[in-house]
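Q: Could you take one part of this model and look at it closely, residue by residue? I would like to see how its pieces are placed against each other, and then how it compares in kind with other places along the chain.

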Amino acid sequence: MSDHDNPYAPASGGQMSGTVTFGDQAKPAAQPAQTGPQGGGVAGELISDTTTAGFTADVIQASRDVTVLVDFWAPWCGPCKQLTPIIEKVVREANGRVKLVKLNIDDHPAIPGQMGIQSIPAVVAFAGGKPVDGFMGALPESQIREFIDKVAGPAPASSADEQITQIITQSREALAAGDIETAARGFGAVLQSDQGHVGAITGMAACMLAAGELDRAEKLLNAVPVEDRKDPEIAAVFKRHEMAREVSELGDPVELEARLASNPADHEARIQFAKILNAKGKREAAADELFTIMRADPKWEDEAARKMLLEFFEAWGPVDPATLSARRKLSSLLFS
């Protein structure tokens, strides 16, 4: 049978959901397992085949204990053959969060007909005795993982992962409190067990920045993959490094203070002074210098003071106390 001649011919991939009633038939006798589209049989209890008679026990009743994925397939279906090894791999790696049950629609057309399956491969997730979600088409491995996380919940973290997460959190708290030594020890401990841990790399870079070691911080940050740099915690460290580099070229803060004393309207000197205060960790004082400019001349240099404050927010992070305080002041200033 060709794809063109078959009513279940593949359609474009997509999500689907629905409900179905299978009646009150008595529990059927177990049927022999069928062979899947790649010639594979049963792989323990995680992957199996079912029949029309066995569907209630294998899927409906089983889904009351664990989420069951039903793979509707046929021997002639090319995309089914593409999907099979991928979905079986992901199901095995899910470590019991889901089971996979395969149904050959050529041999057993009643169930897919009753469910309105019009295209294969089609995968329907059952939980609590009923269908809850599904997809059609041979999706890539990453999307199948996302689907399993959606219908069965994310994989629980291992004890080692939980310990690392705790160390990273405690180290970040120590760094925020100014305890660079404790923070560096924590990040270093994580890096000893996982040299590529992005959170530990950027945390250690933040320690280097706090200690004024810009070159060492830059070397660490260069090891962070580009795709991970959009994370707010990581982006903040990159922003702090960028600002620290700029501050190193701003000149003598004492000279800037002298310029401001003689001319409070020297906004250029004040904005440079704010950058230096920020680099020294005096975040609220840095914000106050920018507010002084905004109160005197909010439009100066195309709102340069407000834009610099927003860059500070990016470097400090959205939940930093200095960010929260300055945001409140900024709102009062803008809408007063």
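A: The buried residues of helix 10 pack against helix 11 (267-279), and this pairing is a good place to begin, with the caution that the model is a predicted one. Helix 10 spans residues 253-262, and its buried residues are P253, L256 and L260. These residues cover an arc of only 55° around the axis, which puts them on the same side of helix 10. An α-helix has 3.6 residues a turn, so residues three or four places apart point the same way. On the other side of helix 10 lie V254, A261 and S262, which are exposed.

From the side of helix 11, the residue to follow is R270, which is found in that helix. R270 counts as buried, because its relative accessibility is 10% and the cut-off for buried is under 20%. Neighbours within four places in sequence aside, R270 is in contact with L260, P264, E289, T292 and I293. L260, one of these partners, is also one of the buried residues of helix 10, while E289, T292 and I293 fall within the range of helix 12, residues 283-296. R270 therefore touches residues of helix 10 as well as of helix 12. With E289 there is also a polar contact, in which the side chains of R270 and E289 are joined at 2.6 Å.

Helix 12 brings in a second arginine, R283, which lies in that helix. What is the exposure class of R283? R283 counts as partly exposed, because its relative accessibility is 22% and only values under 20% are called buried. The side chains of R283 and D320 are joined by a polar contact of 2.5 Å, and D320 is listed together with R240, N278, W316 and A322 among the residues that R283 touches beyond four places in sequence. N278 belongs to the range of helix 11, residues 267-279, and W316 to that of helix 13, residues 304-316. R283 and A326, although 43 residues apart in sequence, have C-alpha atoms 9.3 Å apart in space. Between helix 12 and helix 13 runs a loop that holds E301, a residue with a positive phi of about 50° although it is not a glycine. E301 is exposed, its relative accessible area being 56%.

For comparison, it helps to turn to a part of the chain built around strands. Strand 4 (residues 98-104) is mostly covered, with six of its seven residues buried. Strand 2 (residues 47-49) pairs with strand 4 in the parallel sense over three bridges, and I47 stands opposite L100 there. Strand 3 (residues 67-73) also runs parallel to strand 4, joined to it by seven bridges, with V68 opposite K99. Between strand 3 and strand 4 the chain crosses through helix 2 (residues 78-93), and this β-α-β crossover is right-handed.

Both loops of that crossover contain a residue that deserves attention. P75 lies in the loop between strand 3 and helix 2 and is partly exposed, with a relative accessible area of 40%. Its contacts beyond four places in sequence are with K81, N104 and D106, and the C-alpha atoms of P75 and I105 are separated by 9.1 Å although the two are 30 residues apart along the chain. N95, in the loop between helix 2 and strand 4, is exposed at a relative accessible area of 67% and has a positive phi near 55° without being a glycine. Most residues other than glycine have a negative phi, and most peptide bonds are trans.

A further backbone feature is the cis peptide bond that joins I120 and P121, with omega about 0°. P121 is found in the loop between helix 3 (110-115) and strand 5. Strand 5 (residues 122-127) and strand 6 (residues 130-136) run antiparallel and are joined by six bridges; they form a hairpin with two residues between them, where G128 in the turn has a positive phi of about 65°.

The whole protein chain has 14 helices and six strands, and 43% of its 336 residues are buried. Among its contacts between residues at least 6 apart in sequence, 65% join residues at least 24 apart.

Methods:
Residues numbered from 1 in each chain as written. Predicted model: local features only at pLDDT ≥ 70, side-chain atom pairs only at ≥ 80, totals over all residues. Heavy atoms only, no water. Helix = DSSP H or I, 4+ residues; strand = E, 2+ residues; numbered from the N terminus. Buried < 20%, exposed > 50% of the residue type's maximum accessible area, 1.4 Å probe, protein only. Contact = heavy atoms within 4.5 Å. Polar contact = N/O pair within 3.5 Å; in protein donor to acceptor, adjacent residues only side chain to side chain. Pairing = 2+ DSSP bridges. Right-handed = clockwise from strand over helix to strand, strands pointing away. Arc of directions from axis to C-beta.
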